[in-house]
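Here are some short exercises to work through with the model open on your screen. Try each task before you read the solution.

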Amino acid sequence: MSLQVVRKSIFFKPDSKRVLARYFNINIERTTKIVNRILKSSKQDQTDMLNQLLRNFSKRHRSILDIWEKNFKRTEGRLLDLELRNRDYSQRERLLIGAYFTMEYSVEAAAFFNPSIVESPDQTQLRDGEKRIILSFRATGEGHVSSIVFRSAIIDNELNVHVEEVGRLLEKPKQVKSHRYLKSDFIDKLLQIHDPEKDMLDLINAKLTDSFTYEELRRFVQEIQQENNLDMEGQTLMTHMTWLASSHYEMTYSLDTALSERVIFPISDTEKNGIEDARFVRFISDKGRPMYYATYTAYDGLTILPKLLSTTDFVRFKVQPINGKIANKGAALFPRKINGKYAMLCRVDGESNYIAFSEDLINWQQDVTLLKEPEFPWEFVQLGNCGSPIETAKGWLVLTHSVGPMREYTLGSILLDLEDPTKIVGKLSEPLLYPNAEEREGYVPNVVYSCGQILHNGHLIIPYAMSDHASTYATLCLDDLLDALTNFKPLAV
């Protein structure tokens with residue numbers, strides 16, 4: 001049967017006017033020179049500069065004075081000149097120095113893509129047939145650094161999405177709290193990514209306290225480096241230790257921010273070059289309690305690290321690395337446990353779809369099973385998932401992405417057995433969605449891509465990206481899709 005995929009005419013496009021204030025990192029020598037130049041300016045010149053800055057930027061950012069004060073403290077702590085570090089700065093000097101070491105960053109100037117969608121925890125003040133939803137996007141700005149941004153919307157009975165007013169004043173977390181590590185757990189995780197010599201391992205064991213924070217670990221690493229003549233292998237191990245420790249943290253946003261104003265921007269060393277392709281899912285625990293998880297790829301410029309984001313309210317978030325055999329791009333968590341275990345779609349070899357099981361959300365060391373290898377011409381290059389499976393009466397519905405000739409990305413679908421999702425019980429004999437003439441032009445041509453879908457009023461709602469530039473969504477009757485999946489007939493050879 002021919003499936004009727006309905007493309008909608010709502011588009012989510014990058015907006016260069018949405019800017020975030022972030023620290024402007026300059027090398028120590030130049031930093032000292034800049035501070036000295038500011039201090040040599042007359043009080044009147046400093047006052048005039050500060051007034052001009054307030055006129056130009058106070059309406060572009062929430063609490064710009066707090067941002068400048070925070071960036072002053074960060075700059076002061078980096079100064080090597082003891083006289084400058086111990087100086088008693090006036091408020092005017094503090095704010096002005098902070099402003100010089102602040103920059104605006106347009107988080108979505110380059111691209112607004114790879115969307116995911118979940119049911120919002122707030123389902124109040126809705127009409128019959130409506131559902132409040134949260135859309136997440138990968139937003140990319142200068143230097144191709146990616147972050148996670150959100151939109152709140154309502155989908156009505158006719159499957160039309162009504163996006164709520166988008167806030168203009170972007171906000172980074174109000175508070176970031178480092179994770180406290182237990183030494184035994186940390187060393188276990190370190191041994192998963194590095195195989196140190198016994199002497200180095202003994203050195204680390206002797207230096208580390210029973211528990212510590214990221215900041216304390218950085219001090220331990222500096223002491224090890226100063227007290228020992230480390231070779232290249234030893235220095236690499238120290239880098240891995242700080243890299244691993246920076247990957248755990250918690251963050252909280254102010255309650256007076258709109259969801260669309262909260263930006264999950266790279267914080268740790270492991271993700272300094274981007275947070276990529278978050279796949280959100282509303283997970284229901286054994287006790288029936290909902291928790292929102294997102295798997296995403298952290299990128300530091302050289303190495304990728306899968307991570308798990310968790311929240312109940314999209315105000316407070318916890319971030320943890322995912323360990324084990326699924327350490328590749330594109331992990332997607334099932335929305336509940338299966339036979340007492342967590343289940344995850346993943347890609348181990350870079351080209352095929354796998355499924356993994358674990359008794360805990362963070363460590364995935366065993367039970368990885370191949371689901372599907374490239375089979376059809378449009379998927380000969382690679383396969384992947386398009387987000388978390390959706391539970392239906394006939395099985396776990398999974399949208400997939402495939403790469404074929406001319407590196408064209410298309411969307412397809414498979415159906416997994418409800419009790420044993422290692423078994424494929426249905427698949428399509430042709431792509432579900434492929435880039436049309438309007439969608440194939442962009443930063444990366446010939447790509448349609450999704451990171452999550454939901455069901456609403458008997459239809460599958462599919463938000464998707466168009467050639468790594470902007471996003472839209474499509475709808476499809478669920479029963480029609482399930483019929484097509486379960487009535488699959490192989491193509492004639």
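**Exercise 1: a strand with two faces**

Look along strand S11 (residues 249–252) and sort its side chains by the face they point to. Then find the strands that pair with S11.

Solution. Keep in mind that this is a predicted model. Start with the faces: the side chains of S11 alternate. Tyr249 and Met251 share one face and are buried, while Glu250 and Thr252 point to the other face and are not. Buried here means under 20% relative accessible area.

Next, the partners. Strand S8 (residues 175–178) runs antiparallel to S11, and four bridges join the two. Within that pairing, Lys177 has Glu250 as its bridge partner. S11 also pairs with strand S15 (residues 316–321), again in the antiparallel sense and over four bridges. Here Tyr249 stands opposite Val319.

**Exercise 2: a residue in the loop after S11**

Is Thr257 buried or exposed, and what does its side chain reach?

Solution. First place the residue: Thr257 sits in the loop between S11 and strand S12 (275–284). Its relative accessibility is 5%, so Thr257 counts as buried. Now check the side chain: one of its polar atoms lies 2.6 Å from the backbone oxygen of Ser254. Finally, set aside the neighbours within four places in sequence, and Thr257 is in contact with Arg62, Glu171 and Arg262.

**Exercise 3: two packed helices**

Describe how helix H2 (residues 43–57) packs on helix H3 (residues 64–78).

Solution. Two numbers do the job, since packed helices are described by the angle between their axes and the distance between those axes. For H2 and H3 the angle is about 125° and the axes are 11 Å apart. The two helices are therefore oblique to each other. Now list who touches whom: H2 brings Leu50, Leu53, Leu54 and Phe57, and H3 brings Ile64, Leu65 and Trp68. Sorted by class, this contact has seven nonpolar residues, no polar ones and no charged ones.

**Exercise 4: two open sheets**

Work out the strand order and the edge strands of two four-stranded open sheets.

Solution. Take the sheet with the order S4-S5-S6-S7, where the pairing is antiparallel. Its edges are strand S4 (111–119) and strand S7 (161–163), each of which pairs on one side only. On average, neighbouring strands in this sheet are turned by 35° against each other, direction ignored. Zoom in on one edge: strand S6 (residues 146–155) runs antiparallel to S7, with three bridges between them. There, Ile154 stands opposite His162 in S7.

Now go to the sheet with the order S17-S18-S19-S21, also paired antiparallel. Strand S17 (332–333) and strand S21 (368–372) are the edge strands, pairing on one side only. S17 meets strand S18 (residues 342–346) over two antiparallel bridges, and Leu333 stands opposite Met344 in S18.

**Exercise 5: a glycine in a strand**

Which residues are in contact with Gly384, leaving aside its neighbours within four places in sequence?

Solution. Find Gly384 in strand S22 (residues 382–385). With 3% relative accessibility, Gly384 counts as buried. Its contacts beyond those neighbours are Arg347, Asn353, Thr400 and His401. For a last distance check, go to Lys372: Gly384 and Lys372 are twelve residues apart in sequence, and their C-alpha atoms are 9.5 Å apart in space.

Technical notes:
Residues are numbered from 1 along each chain as its sequence is written. This is a predicted model: local features need pLDDT of at least 70, side-chain atom pairs count only at pLDDT 80 or more; totals for chains, interfaces and linings use all residues. Side-chain values use heavy atoms; hydrogens and water are left out. Two strands pair if DSSP finds at least two bridges between them. Buried means under 20% relative accessible area, exposed over 50%, partly exposed in between (1.4 Å probe, protein chains only). Axes are lines fitted to C-alpha atoms, for helices over the stretch in contact, and angles run from 0 to 180 degrees between N-to-C directions. Angles under 35 degrees count as roughly parallel, over 145 as roughly antiparallel, 65 to 115 as roughly perpendicular and the rest as oblique. Contact means heavy atoms within 4.5 Å. Ala, Val, Leu, Ile, Met, Phe, Trp, Tyr, Cys and Pro count as nonpolar, Asp, Glu, Lys and Arg as charged, and the others, Gly among them, as polar. A polar contact is a pair of N or O atoms within 3.5 Å; within protein, one must be able to donate a hydrogen and the other to accept it, and residues adjacent in sequence count only if both atoms are side-chain atoms.
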